[in-house]
Amino acid sequence: MAKEFWIGDIKSGSYDGEEVELKGWIHRTRGSNKIRFVVVRDSTGTVQCVAKRDSLSEQDFQRISEALIESSVVVRGIVQATDREHGHEIQVTHATVIGPVNPERPFPITESAMVEADGGETEFLLDNRHLYLRTGRMTTMLKIRSSVFGAIHSYFRDRDFIEYQAPNFVSGAVEGGSTLFEVPYFGRKAYLTQSWQLYAEAAMPALERLYTMAPSFRAEKSRTRRHLTEFWHAEMEIAWASNDDVMEHGEGVVRHIANTILEDRESELENLGRDLETIGRFADSDYPRMRYDEAVETLQSKGVEIEWGQDLDYSKEKILTEDFEVPHFLTHYPRIAKPFYHRPDPDDPKYVLCHDLLAPEGYGEIIGGGERTWSEDEILERIGEEDTPTEPYEFYIDIRRYGGVPHGGFGLGVDRVCTWLAGAEHIREAIPFPRDSRRVTP
RNA sequence: GCCGACAUAGCUUAGUUGGUGGAGCGGUGGACUGUUAAUCCACAGGUCGCAGGUUCGAGUCCUGCUGUCGGCGCCA
C-alpha cells in the first residue's frame, strides 16, 4: 500500500525508462477518444500521463478517460524523458480510479476561480478552503510555511534554548483586556491567551533561555491584510539579557529563516514570483537600528504630522520602511506609549528599552520585544502608572521578589513573516484556515 | 469601533435611458492519435442575496436587512 514513487523524483530523471506506479490526483485531463493526456498531481509536483487506447485495456482506458479533475488514481507506466515543455511523462499501461468524482458535483475550484482570484482571497475560495488547499499556489505556500516553522525551531535549539509551553486558557491579559476572547470555564470565565510572555518570565529563572511557537488569540475586529484573530506566535525569553541582546536574536532568527527558505524552497519562491536576490538580501544584511526620536524627526522632515509621544501606527511605519531595503529596528519608544512590562531606560527614563522589527516592502511589524521591567520597585511603579490593579499580576510581581534579574524577549508573528517572505498580498494566504473577525469556517 | 465598496448559472462575469437575462470556464452528449487553461458542434444549468417600496412594467430606481470584500485604529 505504501507509496513508492514520487512525481518529484520522476521529474528529476530518477526513473527514466523504468516502470513506475504513480499514486495521485488528476490535475487536468484532455485528449481524444484514441489518446488521453492526464496530468497527475501529488505532493511533490505534476506529471503528464499519456494513455494511448491500444496501450492499455479497454476497461482501463475507459476509466481514465471518464475520470474527472481531482479523482484519485493509481497509474502504472513507463517513464519517458521528452523534449516537450512539461519534460518527463509517463506512457500508461494500467490505470485505476481509487476515489472517483461524481459528475453531478465536479470539483468546484475551476480555472476561472483561480485566475480571477490570483491571491486566492475571493469569498468562494475562502468558503472552499478545504479544497483550495490542494491547488498549486496554496501547496507551495504551505511548504514555505513548514520551512519557516522548522527554521525557527532550529535557530533556537541550535543555541541551546529550551522549548517551553504555556497554557492557552488564562485568567488575565498581557495588556488591555478588550482584546481577549472570553470562554466559559465551568461556571467561571477564562480567556484565550494573547501571549506566552508572562508564563515565560515565570520559567526564565529556571531555564534562562526559552522559546515557543504557539497560537495566540486577539479579539480585535481588525480588517487588514496583516491581522488574524488566531495567529502563530514565536516567542523567546532570555535571562541576563539587554534590549540589544534580544535584538541580536530577533535579527538572527529572521536572517536564519530567510537563509533556510532560500536553501530549501528556492523553486517554491520562484513559483510565487519572489525574487531570490531580494530574499538573499534579507538573509545576509545587517538590520539597521533607529531610535524612536530619529523616526519622528524623519517623519516630520517628510511632512508627516506627528508629535513626540505618539505611538507609530501602520501608516507611519510604512513611510519609514520606504527608506530601507531590509528589515530595520525601531527602538526606545516613549515610556507613555508602551505597557508596564517594558523597562524604562536607566540613561533616560522618558524612554523604554524596547524594539519593533519592521519588514520592508510595506509589510510592517513582524517582531515586538524588549527588556522587561525586572525589579520589584520598578514593576510596582510601572503598574501604578497605568492605574492597573496589581492583583492579577501578583505572580508576575513574585518573579521580581525572588531573585529578579535583567531579562527580555520578543514575539514574532510567524504568519506575518511567511506572508512577507512569500511576497503574498494578504496574511490569509499564508495560513491554511485563516481566522478573522468575520470568519471561523471552514 | 469608524469609513468605503460589492452581491446576476457550480465558478468568473456582461447586462445601455426601467421593456421576456448573455458569454467564457466547469458538467453532459458527440467529433478528433501528441494535447499544454487543447480545439470544434450541441445540450443542460438562473427565486438576478433577502424583505419592502416606486412603476403599467424593476437585475436596473428608493428604503431596510443580511453577507462579503477593502481601508483606518489596535497589534505579531
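Helix axes here are lines fitted to C-alpha atoms over the stretch in contact, and angles run from 0 to 180 degrees between N-to-C directions. Keep that in mind for the first stop. The model is predicted.

**Stop 1: two crossing helices**

Select residues 292-301 of chain A, helix α11, then add residues 314-321, helix α12. The two helices pack at an angle of about 85 degrees. Their axes are 10 Å apart. Angles of 65 to 115 degrees count as roughly perpendicular, and α11 and α12 are therefore roughly perpendicular to each other.

Now show side chains. On the α11 side, pick Ala295, Thr298 and Leu299. They meet Lys316, Ile319 and Leu320 of α12. Colour this contact by class: four residues are nonpolar, one is polar and one is charged.

**Stop 2: the domains**

Zoom out to the whole of chain A. Colour 7-99 as domain 1 and 136-430 as domain 2. Place a marker at the C-alpha centre of each domain; the distance between the two markers is 47 Å.

**Stop 3: the second largest pocket**

Where does the second largest pocket lie relative to domain 1 and domain 2? Both domains give residues to its lining, so the pocket lies between them. It holds about 740 Å³ of space.

Centre the view on Thr135, Gly136, Arg137, Thr139 and Thr140. Of the 27 lining residues, these are the closest to the pocket centre. Next, highlight the elements that give two or more residues to the lining. Three are strands: β1 (19-31), β2 (35-42) and β3 (45-52). Three are helices: α3 (111-117), α6 (136-158) and α9 (266-271). Which of the elements gives the most to this lining? Select α6, which gives five residues.

Switch to colouring by class again. The pocket lining has 12 polar residues, nine charged and six nonpolar.

**Stop 4: the enclosed spaces**

Turn to the cavities. How many are there of 30 Å³ or more? The count comes to two.

Take the largest cavity, with a volume of about 60 Å³. Build its lining in steps. Select Ala166, Pro167 and Asn168, then Thr193, Ser195 and Trp196. Add Ala214, Pro215 and Ser216. Finish with His233 and Glu235. Two elements give two or more residues here: strands β10 (209-217) and β11 (230-239). β10 gives the most, with three residues. By class, the lining of this cavity has five nonpolar residues, five polar and one charged.

Move to the second largest cavity, at about 30 Å³. Its lining includes Glu220, Ser222, His227, Leu228 and Thr229. Asp436 and Ser437 also line this cavity. The class split is four polar, two charged and one nonpolar.

**Stop 5: two backbone details**

Go to the segment after α15 (414-422), and find Pro442 there. Is the peptide bond from Thr441 to Pro442 cis or trans? The bond is cis, with omega near -5 degrees.

Last, jump to the loop between α2 (58-66) and β4 (72-80), and select Glu70. Check its phi, which is near 80 degrees. That is a positive value in a residue other than glycine.

How values were computed. Residues numbered from 1 in each chain as written. Chains lettered and ligands numbered in written order. Predicted model: local features only at pLDDT ≥ 70, side-chain atom pairs only at ≥ 80, totals over all residues. Heavy atoms only, no water. Domains from an automatic or database assignment. 1 Å grid on protein atoms, 1.4 Å probe; cavity = no way out; pocket = protein on both sides within 12 Å on 5 of 7 lines; lining within 4 Å. Points joined across faces, edges and corners; volume = space filled by probe spheres on them. Helix = DSSP H or I, 4+ residues; strand = E, 2+ residues; numbered from the N terminus. Nonpolar A, V, L, I, M, F, W, Y, C, P; charged D, E, K, R; others polar. Parallel < 35°, antiparallel > 145°, perpendicular 65-115°, else oblique. Contact = heavy atoms within 4.5 Å.
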